[in-house]
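Biologist: I should like to learn how the features of a protein model are read. May we go through them together, with the structure in view?

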Amino acid sequence: MELISIDFLIRILAAVILGFLIGLERELTNKYAGLRTHILVCLGACIFTIISIYGFPTFADGDNVIINQATGVRDTGRVAAQIVTGIGFIGAGTVLRHGPTIIGLTTAATLWISAAIGMTCGVGMYDVAVITTIISVAVLTIIRVFEKKFIPTSIKHNKRYKLSLYCSQDFINNIHNYLSDTVDNIEEFASKKLVENPGRVKVTSIFELYHKKTAKDIYDKLSEIYNPDSMTLQELND
């Protein structure tokens, strides 16, 4: 019994340490989910995995098949499988939308990989857990340096957007002129009168941005000047 307790302790400590390493990078880059969040996610996934394997009463039947006393089925992955689904709720909390801009996707991914590392520790696969942690930290740090040094700014900011807004038909030309002066390449620009309200139109446009002016700047400016009934600005690039 003592050896089993030590084994569990090693798994738990491994999850805490590896979760710390993932969270440290997020903490140093001042992200919403830092050390504590990643440590707890990794630790929680480890504990749930241990519970899934060892926490339910089992017995051997006449054919020496280990099954669950309560359900008659031995499924060690049942609880652990829910970690994959449950971590999505936590990850979604780190993804924030401010106007057309979405941030936090990388942090959500690090929480997801932290849960995977915790599960790996929970089953005692320390080599896989350590290798995964090293690769994850390398991706978060080395790839960032690579992007800054070797990927041209024009390529990184070459993004396509689709604009849809409802406004007065008097603003059609003004909106087109604003986009012509602001964006780099207008692929499509169209307007359509609304049947239920002839004085209003739906304006749609697809354009590209190469420079550092953000989509949020365009979104805020259009909202401020033309006061549309509604507006969406969707990034078409993944």
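Modeller: The turns that follow take up helix packing, salt bridges, a surface patch, a backbone angle and some distances. Please keep in mind that this is a predicted model.

Biologist: Let us begin with the helices. How is the packing of helix 4 and helix 5 described, and at what angle do they pack?

Modeller: In general, two packed helices are described by the angle between their axes and the distance between the axes. Here helix 4 (residues 105-122) and helix 5 (residues 126-150) pack at about 165 degrees, and their axes are 8 Å apart. That angle makes helix 4 roughly antiparallel to helix 5, because angles over 145 degrees count as roughly antiparallel. Their crossing is left-handed.

Biologist: And which angle and distance belong to helix 2 and helix 3?

Modeller: Helix 2 covers residues 35-54 and helix 3 covers residues 77-94; they pack at an angle of about 160 degrees, with axes 7 Å apart. Helix 2 and helix 3 are therefore roughly antiparallel to each other. The crossing of helix 2 and helix 3 is right-handed.

Biologist: I should next like to understand charged pairs. How many salt bridges are found in the whole structure?

Modeller: The general idea is that side chains of opposite charge can pair when their charged atoms come close. A search of the whole structure finds four salt bridges. One of them joins Lys216 and Asp220, with the closest N and O atoms 2.6 Å apart. Both residues lie in helix 8, four residues apart, which is about one turn of the helix.

Biologist: Are Lys216 and Asp220 buried, partly exposed or exposed?

Modeller: Lys216 counts as partly exposed because its relative accessibility is 25%. Asp220 is also partly exposed, at a relative accessible area of 32%. The term covers values between the buried limit of 20% and the exposed limit of 50%.

Biologist: Which residue forms a salt bridge with Glu25?

Modeller: Glu25 pairs with Arg26, and the closest N and O atoms are 2.7 Å apart. Glu25 is buried, with a relative accessible area of 6%. Arg26 is buried as well, its relative accessible area being 2%.

Biologist: Where in the chain do the partners Arg200 and Asp229 lie?

Modeller: Arg200 forms a salt bridge with Asp229, the closest N and O atoms being 2.9 Å apart. This pair links distant parts of the chain: Arg200 is in strand 7 (residues 197-209), while Asp229 is in the loop between helix 8 and strand 8, 29 residues apart. Asp229 is exposed, with a relative accessible area of 52%.

Biologist: That loop brings me to the backbone. What is notable about phi of Asn227?

Modeller: Most residues other than glycine have a negative phi, and most peptide bonds are trans. Phi of Asn227, by contrast, is near 45 degrees, a positive value in a residue other than glycine. Asn227 is placed in the loop between helix 8 (215-226) and strand 8 (230-235). At 58% relative accessibility, Asn227 counts as exposed.

Biologist: Turning to the surface, which residues make the nonpolar patch?

Modeller: The patch has an area of about 650 Å² and is made by Leu9, Leu13, Ile17, Phe20, Leu21, Leu24 and Leu28. Leu21 may serve as an example: this residue lies in helix 1 (residues 2-28). Leu21 is partly exposed, with a relative accessible area of 37%.

Biologist: Finally, how should one compare separation in sequence with separation in space, for instance for Ile172 and Tyr226?

Modeller: The two separations are stated side by side. Ile172 and Tyr226 are 54 residues apart in sequence and 9.8 Å apart in space, C-alpha to C-alpha. Ile172 is found in helix 7 (residues 172-182) and is buried, with a relative accessible area of 17%.

Biologist: How far apart, in sequence and in space, are Ser180 and Phe207, and Ile218 and Leu163?

Modeller: Ser180 and Phe207 are 27 residues apart in sequence, with their C-alpha atoms 9.5 Å apart in space. Ser180 is found in helix 7 and is partly exposed, at a relative accessible area of 37%. For Ile218 and Leu163, the separation is 55 residues in sequence and 10.0 Å in space, C-alpha to C-alpha. Ile218 lies in helix 8 and is buried, with a relative accessible area of 1%.

Technical notes:
Residues are numbered from 1 along each chain as its sequence is written. This is a predicted model: local features need pLDDT of at least 70, side-chain atom pairs count only at pLDDT 80 or more; totals for chains, interfaces and linings use all residues. Side-chain values use heavy atoms; hydrogens and water are left out. Patches are made of residues with over 30% relative accessible area and no salt bridge: like charges are joined within 9 Å, nonpolar side chains (Val, Leu, Ile, Met, Phe, Trp, Tyr) within 5 Å. Accessible areas come from the Shrake-Rupley method with a 1.4 Å probe; for residues, only the protein chains shown count as cover. A salt bridge is a side-chain nitrogen of Lys or Arg within 4 Å of a carboxyl oxygen of Asp or Glu. Helices (H or I, at least four residues) and strands (E, at least two) are DSSP runs, numbered from the N terminus. Buried means under 20% relative accessible area, exposed over 50%, partly exposed in between (1.4 Å probe, protein chains only). Axes are lines fitted to C-alpha atoms, for helices over the stretch in contact, and angles run from 0 to 180 degrees between N-to-C directions. Angles under 35 degrees count as roughly parallel, over 145 as roughly antiparallel, 65 to 115 as roughly perpendicular and the rest as oblique. A crossing is left-handed if the near helix is turned anticlockwise from the far one by less than a right angle, and right-handed if clockwise.
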